[in-house]
Amino acid sequence: MKCKVEKICGGCSLLKLKPSMQADKKKKDVEELVEKAHLKVRVGDVHMAKNDTHYRNKVIVGFAKDKGKVYSGLYASHSHRVVKTENCIMQPKLVNEIINKITELVGSMKLELYNERTGTGLLRHVLIRWGHKTDEVMVVFVTSQKMFPSRKNMVRVLTSEFPQIKTIVQNINPRKTSIVLQDEAIVLYGNGMIHDELCGLDIAFSHNSFYQIHSEQCEVLYGLAKKMLDLKETDTVLDTYCGVGTIGLTMTDSCKKVMGVEVNPDAIENAKYNAKQNKIKNIEFVAMDSTEFMRQARKYHNHYDAIILDPPRAGTTKDFIECATALNPRKILYISCDPRTQVRDLNQFRKQGYVTNKLELVDLFPYTDHVEAIVSLQREI
């Protein structure tokens with residue numbers, strides 16, 4: 001596969017490798033991690049994506065100028081330099097069309113681009129989110145201040161030309177930081193959310209909600225999770241780091257009850273909304289730190305047959321592992337977007353008596369070095 005900017009962009013580090021070669025490399029990389037950690041765990045073959053292009057349901061672009069003309073694109077690897085990645089083949093065609101139109105409008109409306117060095121200018125980024133099954137689109141303008149000249153015209157042009165755009169949000173980020181989104185947001189159009197269908201469920205999410213990048217492969221991952229847990233009708237499940245509730249909601253038809261816990265209260269409100277719109281009643285959500293929730297659960301002798309965790313890239317903590325294993329669940333399911341931190345954590349779980357004999361891999365990031373890893377842990381006999 002060819003790309004004009006692959007060397008300077010660096011986003012698709014495995015672009016020259018066929019899918020089978022990518023699978024071999026990703027599996028070998030994880031096997032080396034497991035071996036170095038002295039874990040007696042077999043690494044399974046990678047569940048590769050059937051669709052490995054135009055798959056990204058979330059795209060963030062920056063803006064720059066060349067000879068006075070505005071262009072947009074991704075950032076070059078390990079830098080803040082915007083590379084012109086027009087019509088990127090990893091992004092849905094509709095998303096590319098919207099980005100091209102926004103870039104044109106930014107230039108014609110003469111919106112001042114943010115300068116990281118001086119801290120001046122208005123427009124920092126544009127984030128696009130897309131529903132794979134619904135074709136619904138969310139546009140998020142990340143600006144350095146509330147004042148957004150021509151925003152009414154921007155909204156009018158975009159929504160008239162692209163009826164798939166269901167909501168437009170302005171996120172205000174005045175800080176000198178590489179973090180894209182901040183807490184303050186204004187809904188300019190729609191209700192601030194879009195919908196997608198995942199594992200047969202209607203899932204709504206906002207601009208700052210976690211939602212897996214490759215929707216089809218997410219369904220593969222969650223299907224594998226369900227199979228590995230092998231839940232009974234009498235089981236109770238604790239879904240930690242639950243976000244907008246996607247994993248827990250997919251488990252509700254196989255168990256007695258699911259409890260979802262997430263520290264972000266906005267995500268919890270989103271999760272409750274998702275449960276309500278899918279008419280799922282055997283799930284409950286609590287806005288609380290997952291480790292503290294488990295500490296309280298042990299104090300009041302609450303039992304869970306299975307615990308699920310899908311933490312951020314940094315993995316989980318020693319405290320979390322101690323609290324989870326102290327509840328003595330039958331199984332602990334650990335999903336990770338970074339096998340390096342997961343392997344580190346598996347050694348901590350082993351010290352607490354929970355082990356696994358197989359680690360499964362799912363390719364949610366075709367043509368990149370990344371791979372999703374999943375294990376089911378049980379108490380060592």
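**Burial, cores and ring pairs in a predicted model**

Phe-205 is buried, its relative accessible area being 0%; buried stands here for under 20% relative accessible area, exposed for over 50%, and partly exposed for values in between, with a 1.4 Å probe and protein chains only. The model is a predicted one, in which local features need pLDDT of at least 70 and side-chain atom pairs count only at pLDDT 80 or more, while totals for chains, interfaces and linings use all residues. Residues are numbered from 1 along each chain as its sequence is written, and side-chain values use heavy atoms, with hydrogens and water left out.

Aromatic contacts make a good starting point. The structure holds five aromatic pairs, a pair being two rings of Phe, Tyr or Trp (its six-membered ring) with centres within 6.5 Å; planes under 30 degrees apart count as stacked, over 60 as edge-to-face and the rest as tilted. One of the five joins Phe-205 to Tyr-211: their ring centres lie 4.3 Å apart and their planes meet at 15°, so this pair is stacked. Like its partner, Tyr-211 is buried, at 6% relative accessible area. In the pair formed by Tyr-241 and Phe-320, the centres are 5.4 Å apart and the planes are at 35°, so the arrangement is tilted. This pair links distant parts of the chain, 79 residues apart: Tyr-241 sits in the loop between strand E11 (236-240) and helix H6 (246-251), and Phe-320 in helix H9 (residues 318-326). Helices (H or I, at least four residues) and strands (E, at least two) are DSSP runs, numbered from the N terminus. Phe-320 is buried at 0% relative accessibility, whereas Tyr-241 is partly exposed at 26%. A ring also meets a charge at Tyr-114, where Arg-124 lies over the face, 4.1 Å from the ring centre; the criterion is NZ of Lys or CZ of Arg within 6 Å of the ring centre and within 35 degrees of the ring normal.

Next come the nonpolar cores, each a set of buried Ala, Val, Leu, Ile, Met, Phe, Trp, Tyr and Cys residues joined through side-chain atoms within 4.5 Å. The largest has 47 residues, of which Leu-249, Met-251, Phe-285, Leu-333 and Ile-374 touch the most other members. Helix H5 (residues 215-229) gives the most to this core, namely seven residues. Apart from it lies another core, of 34 residues, including Val-43, Ile-307, Leu-359 and Ala-373. Residues up to four places away in sequence aside, Ile-374 is in contact (heavy atoms within 4.5 Å) with a set of residues that includes Leu-221, Leu-224, Ala-225, Met-228 and Leu-333.

Helix H3 (residues 93-108) offers a neat check on geometry. The expected span of a helix is 1.5 Å times one less than its number of residues; for the 16 residues of H3 this gives 22 Å, and the end C-alpha atoms are 23 Å apart, which agrees. Its buried residues include Leu-94, Val-95, Ile-98, Ile-99, Leu-105 and Val-106. Among the elements covering the buried residues of H3 are strand E2 (58-66), strand E5 (123-130) and helix H4 (151-161). Met-154 is found in helix H4 and is buried, with a relative accessible area of 0%. Beyond its neighbours within four places in sequence, Met-154 contacts Leu-105, Val-106, Met-109, Leu-111 and Phe-141.

Met-154 and Cys-242 are 88 residues apart in sequence, and their C-alpha atoms are 35 Å apart in space. As for disulfides (pairs of cysteine sulfur atoms within 2.5 Å), a search of the whole structure finds zero. For Cys-242, the nearest cysteine sulfur is that of Cys-255, 14 Å away. Both cysteines are buried, Cys-242 at 6% relative accessibility and Cys-255 at 9%.

A few backbone angles also deserve a look. Most residues other than glycine have a negative phi. Just after H3, however, Lys-110 takes a positive phi of about 55°. His-301, in the loop between helix H8 (290-299) and strand E14 (306-309), has a positive phi near 60° and is exposed at 73% relative accessibility. Tyr-367 has a positive phi of about 70° and lies in the loop between strand E17 (358-362) and strand E18 (372-379); at 5% relative accessibility, Tyr-367 is buried.
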